[in-house]
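Colleague: I am just starting to read protein structures, and a whole fold is a lot to take in at once. Please pick one part, show me how its pieces sit together, and then follow it outwards.

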Amino acid sequence: MRIALLTLEAGANARAVRRFVAAHAAEIALVGLSNPYRATSGGAVGQTIRRVRRSGPRVLPYLVLNFVLPRLVAKLRRPAPGDIDRTPLAAACATRGIPTVTIEDVNGDAFRAALAASGAELIVTFHFDQILSAETIAAAPRGGINVHPSVLPLHRGPTPTIHALLGEPVRLGVSVHRLVPKIDAGALLAQAEMTDEPGLTALGAAARLHEAALPLLDRILTEIEAGTAIETPFEPSPYLRSPTPDQLAALARKGRSAAGWSDLMAVLR
């Protein structure tokens, strides 16, 4: 079964998605890399301003450690051959002969053409920041699946682990579900929960949960190919936007943070 993998490489998912590519290189027909600074979303400056207006200055460490610093470190680092954890995804794909494209608009003609040319049967989105239309999903004969780091139907939206850490009790987990045009609302295919730990940040939790998704993905891909996957519909919970300043302040009062020193050290490692 040929796969089109769509992702935005960041601190939250870099190691997991690189390991997924290494394990499934023979099946991956195309890797689409979202441009997080695309002009249609306001570019780097516009996006930063919009996020700070929404969440306040407390969100800046999360943005830097998730999106900015990993890219800078990747440009400076010279990983040893075969070091998949430290090799940027585009380079890892090149050494394996996997075509890559930069995606400005996942529902545009350019990506649709690349998807058709690849012969991919299934779309896998893995920390991807663009919403696929019904037409784009249907362009792959077997549709698509998504990895979402929450216990769906809880915590739909772009920052699920922040909202999870705000909860009482804290419930952390990862879900693999069907792609539908409504965000994080397609039928469940697999799910696993993770034990909370004192001091765990939202970014650190997201990184661990994306890695915890890998064995789930292995199983679900096999089941989809065999036609034995079980899909469980659910009633979607309310969509949760990026946190407000008050929510980040409440997180701090709980002794938690969106990102911290442990995430800095993880990026540098």
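Modeller: Gladly! Let's take a pair of helices: in this predicted model, α1 and α8 are roughly parallel to each other. To see why, look at the angle: the axes of α1 (residues 14-23) and α8 (residues 202-226) cross at roughly 30 degrees, and angles under 35 degrees count as roughly parallel. The two axes also come within 8 Å, and α1 passes α8 in a right-handed crossing.

Now zoom in on the side chains. From α1, the residues Arg15, Ala16, Arg19 and Phe20 take part, and they meet His210, Glu211, Leu214, Leu217 and Leu221 of α8. Sorted by character, the residues of this contact are five nonpolar, one polar and three charged. The spacing of the numbers has a simple background: an α-helix has 3.6 residues a turn, so residues three or four places apart point the same way.

Which residues of α1 are buried? They are Ala14, Ala16, Val17, Arg18, Phe20 and Val21. Their cover includes α8, along with β1, β2, β4 and the helix α4 (89-95).

Those strands lead us to the sheet. Seven strands make up an open sheet with mixed pairing, in the order β3-β2-β1-β4-β5-β6-β7. At its edges are β3 (100-103) and β7 (188-194), each of which pairs on one side only. On average, neighbouring strands of the sheet are turned by 15 degrees against each other, direction ignored. Towards one edge, β2 (residues 28-34) and β3 run parallel and are joined by four bridges; there, leucine 33 stands opposite threonine 102 of β3.

Both of our helices pack on this sheet. Helix α1 touches β1 (3-7), β2 and β4, and its direction makes about 165 degrees with that of β1. Helix α8 touches β1, β4, β5, β6 and β7, and its direction makes about 35 degrees with that of β6.

One of the strands touched by α8 deserves a pause: β5. Five of the five residues of β5 (residues 144-148) are buried, so this strand is largely enclosed by the rest of the structure. In a regular strand the side chains alternate between the two faces of the sheet. In β5, Gly144, Asn146 and His148 point one way, while Ile145 and Val147 point the other way. On one pairing, β4 (residues 122-126) and β5 run parallel over four bridges, with isoleucine 123 opposite glycine 144. On another, β5 and β6 (residues 172-178) run antiparallel, again with four bridges, and valine 147 has valine 176 as its bridge partner in β6.

Just one more stop, in the loop after this strand. Between β5 and α7 (160-166) you will find proline 153, and the peptide bond to it from leucine 152 is cis, with omega near 15 degrees. Histidine 155 belongs to the loop between β5 and α7 too. Its phi is near 60 degrees, a positive value in a residue other than glycine. Histidine 155 has a relative accessible area of 13%; buried means under 20%, so histidine 155 counts as buried.

Definitions and conventions: Residues are numbered from 1 along each chain as its sequence is written. This is a predicted model: local features need pLDDT of at least 70, side-chain atom pairs count only at pLDDT 80 or more; totals for chains, interfaces and linings use all residues. Side-chain values use heavy atoms; hydrogens and water are left out. Axes are lines fitted to C-alpha atoms, for helices over the stretch in contact, and angles run from 0 to 180 degrees between N-to-C directions. Helices (H or I, at least four residues) and strands (E, at least two) are DSSP runs, numbered from the N terminus. Angles under 35 degrees count as roughly parallel, over 145 as roughly antiparallel, 65 to 115 as roughly perpendicular and the rest as oblique. A crossing is left-handed if the near helix is turned anticlockwise from the far one by less than a right angle, and right-handed if clockwise. Contact means heavy atoms within 4.5 Å. Ala, Val, Leu, Ile, Met, Phe, Trp, Tyr, Cys and Pro count as nonpolar, Asp, Glu, Lys and Arg as charged, and the others, Gly among them, as polar. Buried means under 20% relative accessible area, exposed over 50%, partly exposed in between (1.4 Å probe, protein chains only). Two strands pair if DSSP finds at least two bridges between them.
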